[in-house]
Amino acid sequence: MSAIAQDGAALEDVDAFAARARAWLAENMPPADPAKDTFFLHAATHPADEEVLARAATCRELQRRLFDGGFAGICVPRQYGGQELTPAHQTAFNREIKGYDYPAEIQASTFIPCMAVLLEFGTEEQKLRHIPRMLRGEEIWVQLLSEPGGGSDAAGAVTSATRDGDRWLLNGSKIWTTSGWWGDWALCLARTNWDVEKHRGLTVFSLPMSAPGLQIRQIELVNGSKDFCQEFLTDVVVPDADRIGDVDAGWSVMTRWLYHERTISGGSPYVTGGGNRPNAGPYELAALIEAARRLGTIDDSTTRALIGEAQTSSLVLRALVESVTHKMATGSLPHHAAAMPRLFGGTANARRAAIATELYGDAGVVWAPDDEIAAQVGLGYLIRQAACIGGGTTEMARNVIAERLLGMPREHRADTSAFRDVPRGPRASGAH
Amino acid sequence: MFTQTADQDLLETTTEQYLAATFPPERIREFARRDSTFDATLWKRGAELGWTTLLVPEAAGGGSVSGNGLADLLAVAFQFGRHAAPGPLIGTNVVAAALGRWGSGELHGGPLAQLLDGDATAAWAHAPRMGSCASAVVRAARSGDGVVLDGTAPLVESGAPKGYLLVAAGADEDGARSHYLVPFDAPGVRISPLGGIDLVRRHQAVTLREVVVPAAYRVGEPGTADVHDEVLLDLAAVLQAGEIVGAMERAFDLTLRWTRDRYSFGRPLGSYQEIKHRMADLRTQLEASAAVAEKAARHVGEDRPDARSWASAAKAYVGRVGPELVQDCVQLHGGIGVTFEHDLHLYLRRATLDAQLFGTPAYFAERVVRLVEADMEEGA
């Protein structure tokens with residue numbers, strides 16, 4: 001069980017570590033409130049901005065406690081403020097932290113992908129500057145990745161970075177930035193070369209969200225959520241020292257960025273928690289049954305079939321995620337197989353929203369002002385396709401499964417020439 | 001398709017090789033024209049490979065290869081589905097499990113030993129239905145040292161000439177029922193063959209007229225049949241799911257190959273995005289089906305508290321998407337897919353049979369809801 005750390009000291013035994021964590025957690029962390037949803041994981045709730053900021057402050061506070069207790073950055077090297085232990089220690093800690101409140105809302109994007117990308121591609125100065133601050137809850141990071149004209153085509157970014165001596169000027173627009181309006185720093189993908197194939201002209205930068213010339217607008221979604229943002233960059237100055245990775249080598253950073261982003265569903269050594277799944281609100285099976293009892297439809301066979309379908313599908317999704325994660329870890333499936341749980345999860349969640357709406361009947365479309373649950377069902381139905389869009393559409397997932405997993409013919413590409421010459425549609429602007 | 005130990009891989013590989021050599025598709029088609037598809041020598045050979053012992057405790061003469069006999073048998077069922085193979089795999093194993101767990105010493109020495117050795121096969125008369133329409137209705141009355149059974153089991157699987165039927169019977173219609181093991185060759189047992197969708201897995205109706213069985217042929221304590229049927233139903237659901245996953249896998253593979261080899265309008269069928277996306281959906285359903293079947297086998301085989309929910313979810317999901325997946329494969333094949341000459345229908349038949357027998361997908365979806373309701377009552 002004992003392994004040797006790089007400096008020659010014996011690593012703490014996992015069981016001993018878990019026991020120490022258990023005792024520390026009991027003393028230092030507050031219990032989770034199972035009735036309270038985390039605010040962005042649950043699409044049907046839309047807290048006021050002040051509630052979001054209060055929760056963000058709590059997350060910073062809790063992260064600081066983890067840091068002071070010696071439990072932040074369990075797999076991060078000591079020189080950057082981490083514990084330099086192993087994934088097994090992180091897994092053990094995640095088991096112990098179940099039932100406690102923890103900074104769930106800053107795991108993504110701060111630790112994955114941003115910290116993970118910094119660890120792999122950052123300079124020594126960049127790592128020493130940012131990672132300890134991330135681990136102390138002082139820097140919350142977000143991802144400036146998608147663009148209004150881009151959709152699923154991340155490599156087609158048209159936000160430009162132009163060199164100006166030892167600094168860069170960034171111009172363009174980014175969108176779908178989770179927590180953009182309360183984040184501190186960001187990774188940003190920008191185009192530095194228009195004369196090569198699209199993947200070969202990209203560079204990754206880091207910048208503070210308070211940078212002059214960076215305008216942030218909260219996007220209101222159909223369910224009232226305002227956590228996603230759009231950013232407008234006008235001559236935003238980024239010192240060359242804040243570039244991540246080599247110039248025009250952004251896509252190799254991006255590959256790892258996207259990889260780390262996907263590990264939010266499991267398997268990352270940098271994520272704390274993962275055990276306290278948010279309450280699925282009106283979609284919890286018991287909640288569906290309670291609702292059918294209230295509505296007097298629980299003995300109706302169609303209603304029961306809908307409830308049975310919802311529960312069956314949520315069990316199957318769980319089995320699928322576990323099985324594919326395990327098969328990818330042991331190499332019996334390639335990492336592209338992650339597209340299968342993504343596809344299944346997207347369609348199952350969309351279907352679940354439809355099931356709840358059908359079950360609620362008129363109560364799912366018209367409700368009393370204080371009936372928060374009925375409102376969540378109605379609004380959840382309006383936003384349901386988000387489950388099949390965000391994080392790569394289900395259509396993209398189907399392409400990945402067909403082409404990468406099944407080896408079926410690739411789609412014809414119209415974007416293999418110099419990016420400058422790639423058609424971008426009649427309304428595209430910013431041509432260089 | 002499943003994550004297995006090396007020993008389980010060995011069991012699956014030997015089964016695969018044996019079934020591939022013994023039951024190629026043309027042989028299955030040939031069997032279709034026979035009155036009986038049971039071959040005693042072939043079944044006995046299967047028993048030697050380990051098909052019959054896995055759900056029976058070692059003390060009763062059985063034994064698993066991994067410690068979880070149901071997970072072991074899942075791999076065998078998967079291969080039965082892949083080859084649409086004949087042989088009463090599910091009935092024999094379910095009845096053997098019942099005898100191993102609850103049977104008397106006399107049953108262990110006689111009928112169970114014959115099942116384990118492949119000298120006999122067995123059928124389970126249970127046929128759960130939605131609503132109140134009962135399936136097997138058998139009355140039991142004591143008579144001297146034995147029990148007299150009267151009634152019908154309208155739908156049971158056919159097997160070896162030397163065979164047994166596990167049937168639940170009560171003294172009157174509302175009374176608690178007990179399980180009895182009935183030899184098919186006992187006086188008063190009448191059998192009439194039924195038609196059906198599967199070419200090689202056959203069924204029959206059984207009538208019992210004053211059939212006398214020894215008291216020791218009661219399986220389990222008096223009045224335990226209904227509880228035990230639920231336990232056996234978990235096993236059957238997992239094994240059926242395993243067979244369906246096998247049938248799905250084979251149909252999917254045939255279809256993937258077809259999308260490469262078949263050209264239309266000058267390009268491979270599989271180069272059309274519509275076809276690619278459908279194949280991606282089917283591949284995902286296949287993976288999800290295998291995952292839930294495997295998870296159910298693990299939980300039921302280890303007697304975990306949530307085992308029944310997993311078994312029910314497995315049958316509800318796999319039973320629903322399995323036949324639909326094969327039908328989609330037929331659609332992607334076009335006209336050739338509905339010919340007797342093509343192999344696809346072998347897998348469609350097996351997937352559909354397994355989906356419908358021993359409780360439909362809808363029955364299991366309802367069972368899932370009942371289990372949650374029971375949990376809620378307990379929690380309240």
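Reader: How many residues does the contact take from chain A and from chain B?

Author: In this predicted model, the contact takes 30 residues from chain A and 33 residues from chain B.

Reader: Which elements give two or more residues to the side of chain A that touches chain B?

Author: Those elements are α7 (285–295), α8 (301–330), α9 (339–360) and α12 of chain A. The largest share comes from α8(A), with 15 residues.

Reader: How do the residues of that side of chain A divide into nonpolar, polar and charged?

Author: On the side of chain A that touches chain B, 19 residues are nonpolar, 6 are polar and 5 are charged.

Reader: At what angle do the axes of helix α12 of chain A and helix α8 of chain B cross?

Author: To read a helix pair, take the angle between the two axes; from 65 to 115 degrees it counts as roughly perpendicular. Here α12 (residues 394–405) of chain A and α8 (residues 273–301) of chain B have axes that come within 8 Å and cross at roughly 85°. That makes α12(A) roughly perpendicular to α8(B).

Reader: Which residues in α12(A) meet α8(B)?

Author: From α12(A) they are A:R398, A:N399, A:I401, A:A402 and A:L405. Across from them, α8(B) brings B:K276, B:H277, B:M279, B:A280, B:D281, B:R283 and B:T284. By class, this contact of α12(A) with α8(B) has 5 nonpolar, 3 polar and 4 charged residues.

Reader: Turning to the fold of one chain, how many helices and strands does chain A have?

Author: Chain A has 12 helices and 8 strands. For compactness, compare the radius of gyration with the value that the globule rule gives for the chain length. Chain A has a radius of gyration of 23 Å, close to the 22 Å given by that rule for 432 residues, so chain A is as compact as a globular protein of that length. Its C-alpha trace spans about 70 × 60 × 45 Å along the principal axes.

Reader: What percentage of the residues of chain A count as buried?

Author: Of the 432 residues, 44% count as buried. As for contacts in chain A between residues at least 6 apart in sequence, 71% join residues at least 24 apart.

Reader: Into which domains is chain B divided?

Author: Chain B is divided into domain 1 (6–121), domain 2 (124–222) and domain 3 (226–374). The centres of domain 1 and domain 2 of chain B are separated by 22 Å. Their contact takes 26 residues from domain 1 and 19 residues from domain 2. On the domain 1 side, the largest share, 7 residues, comes from α5(B). By class, that side of domain 1 has 17 nonpolar, 7 polar and 2 charged residues.

Terms used:
Residues are numbered from 1 along each chain as its sequence is written. Chains are lettered from A and ligands numbered from 1 in the order in which they are written. This is a predicted model: local features need pLDDT of at least 70, side-chain atom pairs count only at pLDDT 80 or more; totals for chains, interfaces and linings use all residues. Axes are lines fitted to C-alpha atoms, for helices over the stretch in contact, and angles run from 0 to 180 degrees between N-to-C directions. Helices (H or I, at least four residues) and strands (E, at least two) are DSSP runs, numbered from the N terminus. Angles under 35 degrees count as roughly parallel, over 145 as roughly antiparallel, 65 to 115 as roughly perpendicular and the rest as oblique. Two residues are in contact if their C-beta atoms, placed from the backbone, lie within 7 Å. Ala, Val, Leu, Ile, Met, Phe, Trp, Tyr, Cys and Pro count as nonpolar, Asp, Glu, Lys and Arg as charged, and the others, Gly among them, as polar. Domain bounds come from an automatic or database domain assignment. The radius of gyration is taken over C-alpha atoms; the globule rule is 2.2 Å times the number of residues to the power 0.38. A residue is buried if 20 or more other C-beta atoms lie within 10 Å of its own, exposed if 12 or fewer, and partly exposed in between; C-beta atoms are placed from the backbone.
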